[in-house]
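Me: I've got a model open and a few labels I'd like to see justified. Could you take me through them?

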Amino acid sequence: MSVGDWIKTSQVWKSIFRHPAPRDRRNRVVVMLTNVFLHLHPVSVRKSGIALSYTWCMGGLTFFLFLVETVTGVLLMFYYRPTLEHAYNDILALRDVVTLGILREIHRWGAHAMVISIWLHMYRVFLTGSYKPPREFNWGVGVILLVLTLLLSFTGYLLPWDQLAIWAITVGSNMARATPFLGHEGPGAALLNVGGVPLIHSGSDARFLLLGGKFVSGETLLRFYVLHCVAIPLAVAVLIAIHFWRVRKDGGISGAL
Amino acid sequence: MSDAANAATPAPTPAPAAAAPPTGPPKPAMPAKPQAAKAGDTRRGFFGSITAAAIGWWSFWASMAAMTLGTTRFLFYNVLAEPPNKVKIGDPRSYEDGKVTEVFKDRQIWVVRNQGKIYALNTMCTHLGCTPNWLEADKKFKCPCHGSGFYITGINFEGPAPRPLERWAIELSEDGQLVVDKSRKFQYEMGQWESKDCYFEV
């Protein structure tokens, strides 16, 4: 008995892999169906559907970049502390002091690339008409994923805590002032008052909730850090699973139905 | 070179019929047209694609291995915010005989001058690692966790501690101050307290 056979007949191997290697059609199907990760993917795809000239692989590339951002982000979290005292110096240390300082650059450039690739993915889906029924729900999921990706970029932008970060978030979050009803300078906000006392003012509106204060401060840094590292990635991961699963349920990767 | 074959037959459709009857031999020029031949079909193409695949896969796995090693190295701090191992404890004459100095206890050091020798005891109990207290009235180190007791020399005499307290290396630096070096320790039960490096004679 060869070493390979010995491994493949061992209890450990058989407890993990329930089926033989996917060399014939039947096993290719069952391997896809019995693996928790692979089962999100369609069992079979149209050859025309995966042509690079057709999909540009932008969805897959976006997912790949999400994984890159997750892995590099977890590594950066070992060094970065989201406090006014440490944040900026930790970013400098990640570049200058730590071995493999390129990891932060990979995270940063990966983020830029992910925004580009997700836009191109949406553009392709639009061009191929893949938003049409029965895929309209998945288009909606995709739009939320796009917004969450932009929010990941926005929240991550504050974390270096340099002048660029602080003022970019100051300017960016000023948009929240103009939120209808929920921003204190937004349309309809004046209508929300009890006996002339406004419910929505600069200390109670959407921007205040986002920043954890009336201006960008240490509270904002902590808030954006938690959003960037935990809250938004969790939501994105769940939505990605739904997105992939719906691709399978809605007739496989886009193409003529 | 395939253009040469085409140049001989300007008219597309009648060419085969016109060229074939007069002479058969010119035919061998045809195989030179490589429209169907893929890169892997020729010997050169075969070796070319093998080389490309080898370079591609080797560089892929090499970069994977490099990234794994690099990431592991990334997780090891290059700069520590911890206090250094060497601690300056001042002029030897500032220590009184028979006294235990607790000023450097937060650096894990008791400085003791006893019978003409200054030595630095490690504040870690040899039982389970708690920090004992110096009881001046009883002239002993007493561990609050499990009751181990040590004489002023560091020798254990009561409780569960299996061996005496450890001593740090100590030396006189150039500026006349004593320096405790916590990177080296000396254990009584291994006969290391004999070493000149773990005490300073006043």
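Reply: Sure, here are some labels and the reasoning behind them; keep in mind that this is a predicted model.

Me: What makes β5 and β8 of chain B edge strands?

Reply: The open sheet in chain B runs β5-β6-β7-β8, with antiparallel pairing. β5 (133-135) and β8 (156-158) each pair on one side only, and that makes them the edge strands.

Me: How do you know that β7(B) and β8(B) pair?

Reply: Pairing takes at least two bridges found by DSSP. Strand β7 of chain B, residues 149-150, has two bridges to β8(B), in the antiparallel sense, so the two strands count as a pair. As for who faces whom, B:Gly149 stands opposite B:Glu158 in β8(B).

Me: How does the radius of gyration of chain A stand against a compact globule?

Reply: For 257 residues, a compact globule would come out near 18 Å, whereas chain A has 23 Å. Chain A therefore doesn't match the globule value, which comes from 2.2 Å times the number of residues to the power 0.38. Along the principal axes, its C-alpha atoms fill a box of roughly 80 × 50 × 35 Å.

Me: And what is chain A built from?

Reply: Chain A has 11 helices and two strands. In sequence order the pattern is α-α-α-α-α-α-α-α-α-β-β-α-α.

Me: What share of chain A counts as buried, and what makes a residue buried?

Reply: The share is 22% of the 257 residues. A residue gets that label because 20 or more other C-beta atoms lie within 10 Å of its own.

Me: How many residues does each chain bring to the contact?

Reply: Chain A and chain B bring seven residues each. On the side of chain B that touches chain A, three are nonpolar, three polar and one charged.

Notes: Residues numbered from 1 in each chain as written. Chains lettered and ligands numbered in written order. Predicted model: local features only at pLDDT ≥ 70, side-chain atom pairs only at ≥ 80, totals over all residues. Contact = placed C-beta atoms within 7 Å. Nonpolar A, V, L, I, M, F, W, Y, C, P; charged D, E, K, R; others polar. Helix = DSSP H or I, 4+ residues; strand = E, 2+ residues; numbered from the N terminus. Buried ≥ 20, exposed ≤ 12 C-beta atoms within 10 Å, placed from the backbone.
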